Amino acid sequence: MEKILIANRGEIASRIIRTCKKLGIRTIAVHSEADAGMPFVQEADESFEIGPGPVPQSYLKGDEIIGLAKREGADAIHPGYGLLSENASFARKVQEAGLIFIGPSAEVIEKMGDKIEARRAMTEAGVPVVPGTEEGVATLEEALRAAEAIGYPVMMKASAGGGGIGMVRCENEQALSRNFDGVKKRAMSYFGDDRVFIEKFIDDARHIEVQIFGDSTGNVVHLFERNCSVQRRNQKVIEESPSPGFPEEAKARMLRAAVEAGKAVGYTNAGTVEFIVGPDHEFYFLEMNTRLQVEHPVTEAVTGFDLVEWQIKVASGQGLPVKDQDAITSAGHAIEYRIYAEDPEKFLPSPGKITQLVLPEGEGIRIDRGYTEGDTVTPFYDPMIAKVIISGSSREEAIRRSERFFGEAHAAGVRTNIPLFAAFGGSEEFSEGNYTTKVLAGWQAKKKEEV
C-alpha cells in the first residue's frame with residue numbers, strides 16, 4: 001500500500017495517520033465543513049471537504065468517499081471505528097471498486113452486525129450466549145411472552161444496535177410494555193432496522209472483551225482481554241488490561257472461546273469478542289465488534305504491538321505478524337480514560353470552544369488527541385476530546401500515575417469529565433478492582449448521599 005484514505009475523523013483518524021507515517025504510507029483525510037480546522041486534517045498528506053457538519057451529509061456519504069479514493073489514487077480505505085466501519089454495504093462497495101477495505105469481509109460484518117444472527121452463529125460454535133430469544137420479537141405480546149419465559153429482569157436490545165443505543169433494562173412487564181415501542185422507533189431511527197430481541201439481564205456482571213486478529217489463511221489469535229465495566233449509560237469510559245479480579249482459569253476459557261468464535265465465522269483483521277461475566281465468573285457472548293475498538297491502545301500498551309500496523313499488513317495480503325499464540329504475551333498494566341466534553345454528573349454533552357487544555361505528559365502516559373486547545377467541540381459528533389492511556393509495571397503503579405495525571409489535568413471553555421476521573425480513579429471502589437458495571441452509578445449515588 002502506498003496511499004490510504006481514512007474514512008473517519010478525530011482522534012482515530014490521527015491515530016491511523018501516525019502509523020501510516022511510520023510505514024511510509026501517504027494518507028488522505030476527508031472532513032466536514034465543521035472539522036476543517038481539526039488536527040487530523042492538518043496531519044494528513046491530503047485532505048478534502050465532503051459536506052456540512054451533520055454526519056449523514058458528510059462522513060456517511062460512502063459512495064462519494066469511494067469515488068474520491070479512486071480519483072486520488074488511494075489503494076485502500078481505513079474506516080476507523082463508528083461511522084461506516086461496520087457498514088457491510090460500504091465494505092462491499094469498496095472491494096467492488098477495486099480498493100482494499102481495511103477490516104473483515106463484508107459477509108462477516110453483515111453476519112456479526114446482526115445480533116440475532118451473531119447469537120445463532122456463536123451457539124453453533126459452542127460459545128456460551130446469554131439466555132434470550134433466538135429470533136427478533138415483532139410485537140409487544142411476543143416480547144412479553146419471551147420475557148416471562150426468560151425471567152425478569154431482562155434487557156431489550158436493537159438487533160442492529162451498538163454503543164448502548166437501543167438498549168433498555170426492564171425490571172418487569174410494566175417496564176417492558178412502557179419501553180417497547182420507543183426501543184423499536186429508536187432502532188429504526190439509528191440503524192434503519194426496528195427488530196429487537198430479549199436477553200436475560202445478568203446482574204452484578206462485568207463487561208470483559210477479548211481482542212482477536214485473523215488473517216486470510218485461517219489463523220486467528222487473541223491479544224488478551226480488556227475489562228470495560230466502568231460505564232455510563234451502557235457506554236464505556238474506563239478500560240483496563242489485564243482484567244483485575246478475574247481468575248486465570250476462567251480467563252483462559254474465555255480467551256479460547258473468543259478464538260473459536262473468530263474461527264467459526266472465518267474472521268480476518270482486527271475484531272473484538274465481548275462477553276458479560278457473572279458473579280460466578282461464568283461468561284456469555286454479547287457481541288462481536290468487527291472493527292478496531294476505541295480502547296485498542298490498552299492492548300497495545302500491554303502487548304507492545306501496533307494494531308493499526310497489523311490491520312494494514314493483514315489487509316494487504318500478508319499473514320499475521322505473529323502467528324504463534326504462545327509468542328503473544330502481556331506485560332504490566334494499562335488503563336484508558338476517555339475524556340469527554342460533557343457534564344461529569346449528568347453526562348450531557350458540553351459543546352463549545354476549548355480555551356484551555358492541559359494534559360500533562362510523563363512516563364507511562366500516552367495521549368491520543370482528537371482536539372487541541374482552541375478547537376471547537378460541535379454538537380454534530382461524539383464529544384470525546386482525547387483518550388489517555390496510562391501504564392505501569394503493575395495496576396497499582398498505573399493507578400498512582402493516573403492520580404498524578406488527573407491531579408494536574410485541566411480544561412476550560414467546555415465542561416469535561418476530568419474531575420470525575422480525578423475523584424473516581426482513586427476511589428476504593430475502583431482501586432480494589434472487583435467492580436461490576438454498576439460501579440460508577442453506585443459511586444456517584446454514594447457521593448450524593450455524603451453531600
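"Buried" here means under 20% relative accessible area, exposed means over 50%, and partly exposed lies in between (1.4 Å probe, protein chains only). Keep that handy for the tour. What you have open is a predicted model, where local features need pLDDT of at least 70 and side-chain atom pairs count only at pLDDT 80 or more, while totals for chains, interfaces and linings use all residues. Residues are numbered from 1 along each chain as its sequence is written, and side-chain values use heavy atoms, with hydrogens and water left out.

**Stop 1: V154**

Select V154, in strand β6; strands (E, at least two residues) and helices (H or I, at least four) are DSSP runs numbered from the N terminus. V154 is buried, with a relative accessible area of 0%. Now show what is in contact with V154, contact meaning heavy atoms within 4.5 Å. Leaving aside neighbours within four places in sequence, you should pick up A147, V168, R169, C170, I198, E199, K200 and F201. Add I202 too: V154 and I202 are 48 residues apart in sequence but 8.2 Å apart in space, C-alpha to C-alpha.

Step back to P153. A cis peptide bond joins Y152 to P153, with omega about 0 degrees. P153 sits in the loop between α7 and β6 (154-158).

**Stop 2: α7 against α8**

Follow that loop back to α7. Select 140-150 for α7 and 173-191 for α8: these helices pack at an angle of about 150 degrees, with axes 10 Å apart. (Axes are lines fitted to C-alpha atoms, for helices over the stretch in contact, and angles run from 0 to 180 degrees between N-to-C directions.) That makes α7 roughly antiparallel to α8; the cut-offs are under 35 degrees for roughly parallel, over 145 for roughly antiparallel, 65 to 115 for roughly perpendicular, and oblique for the rest. The crossing of α7 past α8 is right-handed, a label used when the near helix is turned clockwise from the far one by less than a right angle, with anticlockwise being left-handed.

Which residues of α7 and α8 meet? On α7, show L140, A143, L144 and A147; on α8, show E173, L176, S177 and F180. Colour this contact by type and you get six nonpolar, one polar and one charged. For that colouring, Ala, Val, Leu, Ile, Met, Phe, Trp, Tyr, Cys and Pro count as nonpolar, Asp, Glu, Lys and Arg as charged, and the others, Gly among them, as polar.

**Stop 3: the cores**

Zoom out. A nonpolar core is a set of buried Ala, Val, Leu, Ile, Met, Phe, Trp, Tyr and Cys residues joined through side-chain atoms within 4.5 Å. How many residues does the largest nonpolar core have? It has 119, and those with the most contacts inside it are L5, I77, F275, F285 and I385. Helix α9 (248-264) gives the most to this core, with seven residues. Apart from it lies another core, of 13 residues, and two familiar names, A143 and V154, are among them, along with M156 and V196. In soluble globular proteins, nonpolar side chains tend to be buried together.

Centre on L5 next. Not counting residues up to four places away in sequence, L5 touches I28, V30, I65, L68, A69, A74, A76, I77 and H78.

**Stop 4: two more helix pairs**

Select α1 (10-23) and α11 (307-315), which pack at about 65 degrees with their axes 9 Å apart. The two are therefore roughly perpendicular to each other, and their crossing is right-handed. The contact uses R15, I16, T19, C20, K22 and L23 from α1, plus L307, V308, E309 and I312 from α11. By type, that contact divides into six nonpolar, one polar and three charged.

Then try α4 (88-96) with α5 (106-113): about 175 degrees, axes 8 Å apart. That makes α4 roughly antiparallel to α5. A88, A91, R92 and Q95 of α4 meet A106, E107, I109 and E110 of α5.

**Stop 5: backbone oddities**

Jump to P242, in the loop between β11 (235-241) and α9. The S241 to P242 peptide bond is cis, omega near -5 degrees.

N234 has a phi near 60 degrees, a positive value in a residue other than glycine. Its loop runs between β10 (220-232) and β11. Last, F347: phi near 60 degrees here too, in the loop between β14 (333-340) and β15 (352-353). Are N234 and F347 buried or partly exposed? N234 is partly exposed at 38% relative accessible area, whereas F347 is buried at 8%.
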